[in-house]
Amino acid sequence: YIRQRDKNICFTCRKYIEGSGYHAGHFITQAVSSLPLRFSELNTHGQCFRCNLHLSGNWPAYYERMVADYGQDVVNDLLSQRHKVVKWTPQDYEVMIEVYKVKLEAL
């Protein structure tokens, strides 16, 4: 859904990317984020392979773009959620799958 939503444009370097070189990158990386942030549409954006993997998310550019697009308050709110512990059930994942199927069809 994220890659379709962002129309093949890297959030951090603004290049047009196609195919397997286009990823869903995270502002707050999955390694340090809470479960809800892994699936947060505000925390996840299309990124090219270079920015996402070679530049470890290209965080300085990601941060600047996040503040420009969403504002410092939203960025601070995301950062405050990094360590929030949440457990999801299999049903939670099933609901999320259905939600994103509908969102994808709406694009």
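How much area does the protein chain expose, and what share of it do carbon and sulfur atoms supply? In this predicted model, the exposed area is about 6800 Å², and carbon and sulfur atoms account for 55% of that surface.

The secondary structure of the protein chain consists of 6 helices and 2 strands. Their order along the sequence is α-β-α-β-α-α-α-α. The radius of gyration is 14 Å, close to the 13 Å that the globule rule gives for 107 residues, so the protein chain is as compact as a globular protein of that length. Along the principal axes, the C-alpha atoms fill a box of roughly 35 × 30 × 25 Å. Of the 107 residues, 31% are buried. Taking contacts between residues at least 6 apart in sequence, 64% join residues that are at least 24 apart. As for charge, the protein chain carries 13 positive and 11 negative side chains, and the centres of these two sets are 6 Å apart.

The interior can be approached through Q47, a residue of strand β2, which covers residues 44-48. Is Q47 buried or exposed? Its relative accessibility is 0%, and because buried means under 20% relative accessible area, Q47 counts as buried. The side chain of Q47 reaches the backbone oxygen of G57 at a distance of 2.9 Å. Leaving aside residues up to four places away in sequence, Q47 touches C10, F11, T12, G21, Y22, H23, G25, H26, N52, G57, N58 and Y62. Several of these partners can be placed on the chain: Y22, H23, G25 and H26 fall within β1 (22-26), while N52 falls within α3 (49-54) and Y62 within α4 (59-70). G57, whose backbone oxygen the Q47 side chain reaches, belongs to the loop between α3 and α4.

That loop between α3 and α4 also holds S56. Phi of S56 is near 50°, which is a positive value in a residue other than glycine. With a relative accessible area of 56%, S56 is exposed, whereas Q47 is buried. A second non-glycine residue with positive phi is N8, where the angle is near 65°. N8 sits in the loop that runs between α1 (2-5) and β1 (22-26). At 23% relative accessibility, N8 counts as partly exposed.

Helix α1 contains R5. Which backbone oxygen does the side chain of R5 reach? The oxygen is that of T44, at 2.8 Å. Not counting residues up to four places away in sequence, R5 touches E41, T44, H45 and L107. Two of these, T44 and H45, lie within the residue range of strand β2, the strand that also holds Q47.

The two ends of the chain can be followed through E105, which is placed in helix α6 (residues 90-106). E105 is exposed, with a relative accessible area of 71%. How far apart are E105 and Y1 in sequence and in space? They are separated by 104 residues in sequence, and by 9.3 Å in space, C-alpha to C-alpha. The R5 contacts bear on this region as well, since they include L107.

Terms used:
Residues are numbered from 1 along each chain as its sequence is written. This is a predicted model: local features need pLDDT of at least 70, side-chain atom pairs count only at pLDDT 80 or more; totals for chains, interfaces and linings use all residues. Side-chain values use heavy atoms; hydrogens and water are left out. Helices (H or I, at least four residues) and strands (E, at least two) are DSSP runs, numbered from the N terminus. Buried means under 20% relative accessible area, exposed over 50%, partly exposed in between (1.4 Å probe, protein chains only). A polar contact is a pair of N or O atoms within 3.5 Å; within protein, one must be able to donate a hydrogen and the other to accept it, and residues adjacent in sequence count only if both atoms are side-chain atoms. Contact means heavy atoms within 4.5 Å. The radius of gyration is taken over C-alpha atoms; the globule rule is 2.2 Å times the number of residues to the power 0.38. Accessible areas come from the Shrake-Rupley method with a 1.4 Å probe; for residues, only the protein chains shown count as cover. Lys and Arg count as positive and Asp and Glu as negative; His and the chain ends are not counted. The place of a charge is taken as NZ of Lys, CZ of Arg, CG of Asp or CD of Glu.
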